[in-house]
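Reader: Please go through the fold of this model with me, beginning with the term you rely on for burial.

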Amino acid sequence: RAYNYGVANAFQDAMAAVRHIVGHAREWGANPDNIHYSGHSAGGHLALMCASDPGMPMPRSVVGLAAAGVYIDGKTRLPQMSAQIFQTAWGSDRSRWAQFSPHTHLNDRNGPKPQKVTLIQGRQDNQLDPNWAVNYVNAGLRAGWGTRLNMQQNGDHFSVANPGRNQ
């Protein structure tokens, strides 16, 4: 968990993992140009951060399931659980939280932007504000990303990772 290990270390580990996979893809019988980033909750957050980093390979697609902290600007109202986790991971100065939010980095990648970026969010999520996903998708579109949203009306934070259950 990033909040036990440090969010900067989690980003570095995620990027190192992607580079390792791409670097060894051919010997494993995979195409290094056919890389997809995905994750649930904090993992979705890391997938989106990797996709926005200009030093990372361009992903074929990105999927964030109930991706944590995708649109934090330091002023946004946070559900209590999220506020506690983010404060532990990112510190008590909320004005700094935006630097750890994927929406802040949508313009970091020069040239082509990822064109298949899907956020799957549950409307009933009580751990994350579902509007963060809406805001992220809209910001992504403005930045030239191919972002889209699959809002599951009856989905919560965990059920969105169980395809077909809440559609």
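Author: A residue is called buried when its relative accessible area is under 20%. The model discussed here is predicted.

Reader: Which residues of α3 are buried?

Author: Helix α3 covers residues 42–52. Nine of its 11 residues are buried, so the helix is largely enclosed by the rest of the structure. The buried residues are Gly44, His45, Leu46, Ala47, Leu48, Met49, Cys50, Ala51 and Ser52.

Reader: What is the order of the strands in the open sheet?

Author: The sheet has four strands, with parallel pairing. Its edge strands, each pairing on one side only, are β1 (36–40) and β4 (147–152). From one strand to the next the twist averages 10°. The order is β1-β2-β3-β4.

Reader: Which residue in β3 stands opposite Gly64?

Author: Strands β2 (residues 61–65) and β3 (residues 117–122) run parallel and are joined by four bridges. Opposite Gly64 in β3 stands Leu119.

Reader: At what angle to β4 does helix α5 run?

Author: Helix α5 comprises residues 130–142 and lies across β3 and β4. Relative to β4, helix α5 runs at about 160°.

Reader: Is Tyr136 buried or exposed?

Author: Tyr136 is found in helix α5. Leaving aside residues up to four places away in sequence, Tyr136 touches ten residues' worth of surroundings that include Leu48, Leu119 and Thr147. Because its relative accessibility is 0%, Tyr136 counts as buried.

Reader: What separates the C-alpha atoms of Tyr136 and His103?

Author: Tyr136 touches His103. The two residues lie 33 residues apart along the chain, and their C-alpha atoms are separated by 5.8 Å.

Terms used. Residues numbered from 1 in each chain as written. Predicted model: local features only at pLDDT ≥ 70, side-chain atom pairs only at ≥ 80, totals over all residues. Heavy atoms only, no water. Pairing = 2+ DSSP bridges. Helix = DSSP H or I, 4+ residues; strand = E, 2+ residues; numbered from the N terminus. Axes fitted to C-alpha atoms, helices over the stretch in contact; angles between N-to-C directions. Contact = heavy atoms within 4.5 Å. Buried < 20%, exposed > 50% of the residue type's maximum accessible area, 1.4 Å probe, protein only.
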